[in-house]
Amino acid sequence: MTTTPSNAPYSNGPASEQIANIRETLLLMASLANRNLSLAMRALVERDEKLAASVEAEDSQLDELEISVDELVINHMATHAPVATDCRFMLVASKISSNLERIADQAVSIARRSLELNKEPLLKPLIDIPRMAQIAEGMLRDSVTALIERKPELAQEIIKRDKEVDAINKQLARELTSFMLEDPTTITRALNLTIVARCLERIADHCKNIAEEVYYLYQAIDIRHDRTPTS
Amino acid sequence: MVTTKASLMSQTQPTTMMDESIPTTQTTEVVHTPVATPSASDKAARLNAPTIIDINNVDFYYGQSKALHGINFPIKEKLVTAFIGPSGCGKSTLLRCLNRMNDLVDGTRIGAGSIKISGVDIYDPSVDVIELRKRVGMVFQKSNPFPKSIYENIVYGLRLQGINNKGRLDETVERSLRGAALWEEVRDRLHTSALGLSGGQQQRLCIARAIAVEPEIILMDEPCSALDPIATVKVEELIHQLKQDYTIVIVTHNMQQAGRCSDITAFFYMGRLIEIDATEKIFTNPTQKQTEDYISGRFG
Amino acid sequence: MTARTHPFQRKTTVASYREAGVFWALRAFTYIILGFGVIIFSTIIYKGSPAVFGSERIDGTFPFLHNDFLFTKPQTLHVFKYKGEIKQMSAADYYTFVGQSPDASTPPPANPLTASPPSPVLSTTGINSSDITDHETYSYAAGGIWPQIVGTILLVIGSMAIALVLGIFSAIYLSEYSKQGPLISAIRLAIINLAGVPSIVFGLFGVGLFVLAFGWNISLMAGWFTLAFMVLPVIITASEESLRAVPKGFREGSLALGATKWQTVYLNVLPYALPGILTSSVLGIARVAGETAPILFTAAYATSDKLPWDLNISPDRLHSGFLGYLEYPFAWLHDFAFHGVNALPYHIYVVSSKIPQNEYTERVQYGTAFVFLLVVMMIALASVLLRIRLRSRLKW
């Protein structure tokens, strides 16, 4: 899969090499972020401390990649003055990298909470949170797929899934609040779970942002903040 | 029937890249992927590449007027070095000093300093200008194919050296034209006039003609200034390929061209070298204010 | 006054009358000049073509060329009344007619003004000299102009060859090799001024230098060099222009590939300048062919009715035996080059000023002018064709 965002009839020049380089770095970041999220969730579900620690270790790598994407972007903009799709790609790449980095940060946060949670028995069987994680992971995967395969319609579809995650998050928050009201000893665990849910909600938001950027990249229409493509 | 079914199946299969490339819940081992940070290390390597042309405090005069003031910098081997600057800043003058094309202009002289190519001072009286120009080829602003056939244009330099062996000439023509990414376009009409080529093809022919004599260094004096954007891109791609084998020095008025195809950029103003650095550095964070003003189009 | 219906309404003003007046005046002048040209050329063609195309004696072969006129030597025309009937005869015909051998008579008179009709004696033909009355002779009015045609062509070819070689070489030096400075500018100015020198001055210069100082006498050689020096300024200036018109890129491109200066000039500049040089040399050809003054003292004999290659190499000038055979071509070339010729313009000058103008001499006067025009046109045409050929091969 080596399609470039560039529509230029020539593809051997330094310009497309640099763009391909940025794309590859983004893909690397996406795969690392996805893996970190998976590892964090496994750390939570399987109560595995070793995995939780590894998530934190990997985060620095993503931070470095975020910086390197920005450097590549600014170098390319300064030296090649990209226009049209290439120009949008520069803006979008920078934003996507920063969203991916934040997703990884949220994964670190989840890993830390899981360390806390592991100290005590389970409050309740984890059902809603893995579901949220599953949806969020799907969103991340699909948004990157939309980027690679130039599928703005897929990106549009991803945005809708964010609502689902939000709904689960709200419902879970209510549920956990009731736990805390009933039994103050559950407060720490309930709070940690709330935070994990919130992290996943944030991750879904970031994925939504990525999807919006992908849509903007291919359609040149900004659909952020509930602006529909038709309006 | 079978084939239709197979193709249908392959179409309906979801093609997500993530499935293959990202290890999901199965892996327990933490794999540290080595992260490449391309730009930083590359930039340093470029600035530390071996020097091929050493320009030492060169002053240059047209009659009484001083055109270059104490130019002092090295040109690195097998890299593209771009000279930029406003008109009359001396960038073309310096370029033409490198193969002594300025000798053709009456009243020019190097007042002080020296230019050394592979350690030899090219303005030393013992230097044969003809030999120098064979090693330091040049491509001009206006594409100047001779009104001969494409073939004769390429072999011109060899014929000057008295090489008339048909096999050797044929081989050189093919090699040079391939090197200039022109072979596929002209292989069927090698013996037709070079003037029938388009502007971009003519300029690539001139590049092919220059590499036919196997120089080490190719000087390009605004090679794309008379070309349309597509032809320009082709020449730039060619420059990108040529730097595998040649050291290229390119003078350009088009800053974006310097950005696109050079590794190192030198900025000249009023006959002085203002700044020289890796191209990305010049274009993102120049040290000198004059450089920044010029590249952002705020000059004067 | 009509009402103005729109802002660009045409109005009749003084200016519009003036415009019309200027236009018609310019047009009238041009057409008057054209009229003169037409009159001059049509006179020459009308009066001269019968001599060439032989309207009087069509022998039925295309293109009805009057071979006698084009391809024979000039003769004296004898006009006389024989038993009351006017007869025109060339000298040869006349002597046959009266039965006298032309060799026995005096050769054609050296000076046409003092020419007196020979007094024939009774001969075997039985013609009584008393039957011949009103006998007049006109030098050159009979026969042809072949030696003049040949002489003109030789003069043009030789002098143009000399002028082109010298001119191109000095133009190459001036524009490619010399450092541009006050001295070269002065030389260039002198050359341009030379073009304005009257041709008779060149003739005197030729006499002084080639004929007398070099001792070449009146010869083809002296004529060649005199004419060559006369057209040199034109050739040099034109060659310099043509060399300068060759794009700078050809020189730079060649030098940048490691060519020497002469390789560059020879391979990549001169071939592309040649068409231009030839174009301008057409102008030189017309001048060389047309000038009378420079050859008046240097190359032309009015009486030279020999063809340039009618040479007598007397055996005593050569060594005997094999060496003599080796020597022969050189002696022949020497005599050829140092032998006077005649030329068409000079012949026109002689026949129109030295013999009376009447119906008998008109034929040779206008005929020569007509042939002269044709020869000049043909040489120019050949040069134009050569240029077109070169130009189509070397185009940029």
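**Exercise 1. At what angle do the axes of helix α2 and helix α3 of chain A cross, and within what distance do they come?**

Solution. The model is predicted. Start with the two elements.
- Helix α2 of chain A covers residues 49-80, and helix α3 of chain A covers residues 84-118.
- Their axes come within 9 Å and cross at roughly 170°.
- Angles over 145 degrees count as roughly antiparallel. α2(A) and α3(A) are therefore roughly antiparallel to each other.
- The hand of this crossing is left-handed.
- Sort the contact residues of α2(A) and α3(A) by class: 13 are nonpolar, six polar and nine charged.

**Exercise 2. Describe how helix α4 and helix α6 of chain A pack, and classify the residues of their contact.**

Solution. Take the geometry, then the chemistry.
- Helix α4 of chain A spans residues 128-148; helix α6 of chain A spans residues 187-219.
- The axes lie 9 Å apart, at an angle of about 15°.
- Angles under 35 degrees count as roughly parallel. So α4(A) and α6(A) are roughly parallel to each other.
- The crossing of α4(A) and α6(A) is left-handed.
- Their contact holds 20 nonpolar residues, one polar residue and two charged residues.

**Exercise 3. Give the strand order of the open sheet in chain B, then find its edges and the helix that lies across β1, β2 and β4.**

Solution. Trace the sheet from one side to the other.
- The four strands of chain B follow the order β2-β1-β4-β5, and the pairing is antiparallel.
- β2 (65-76) and β5 (120-121) of chain B are the edge strands, each pairing on one side only.
- Now look at one pair. Strand β1 of chain B, residues 51-62, runs antiparallel to β2(B), and eight bridges join them.
- One residue to locate is B:Tyr62, whose bridge partner in β2(B) is B:Ser65.
- Add the helix. Helix α4 of chain B (residues 91-98) lies across β1, β2 and β4 (108-117) of chain B. Relative to β2(B), this helix runs at about 65°.

**Exercise 4. How many residues of chain C are in contact with chain B, and which three supply 35% of the area that chain C buries there?**

Solution. Count contacts, then turn to area.
- On the chain C side, 20 residues are in contact; on the chain B side, 23.
- The size of an interface is often given as the accessible area lost when the parts come together.
- Here chain C and chain B bury about 1800 Å² between them.
- Carbon and sulfur atoms account for 63% of that area.
- C:Glu252, C:Ala256 and C:Leu257 supply 35% of what chain C buries against chain B, more than any other three residues.

Key:
Residues are numbered from 1 along each chain as its sequence is written. Chains are lettered from A and ligands numbered from 1 in the order in which they are written. This is a predicted model: local features need pLDDT of at least 70, side-chain atom pairs count only at pLDDT 80 or more; totals for chains, interfaces and linings use all residues. Side-chain values use heavy atoms; hydrogens and water are left out. Axes are lines fitted to C-alpha atoms, for helices over the stretch in contact, and angles run from 0 to 180 degrees between N-to-C directions. Helices (H or I, at least four residues) and strands (E, at least two) are DSSP runs, numbered from the N terminus. Angles under 35 degrees count as roughly parallel, over 145 as roughly antiparallel, 65 to 115 as roughly perpendicular and the rest as oblique. A crossing is left-handed if the near helix is turned anticlockwise from the far one by less than a right angle, and right-handed if clockwise. Ala, Val, Leu, Ile, Met, Phe, Trp, Tyr, Cys and Pro count as nonpolar, Asp, Glu, Lys and Arg as charged, and the others, Gly among them, as polar. Two strands pair if DSSP finds at least two bridges between them. Contact means heavy atoms within 4.5 Å. Buried area is the accessible area (1.4 Å probe) that two parts lose on being put together, summed over both.
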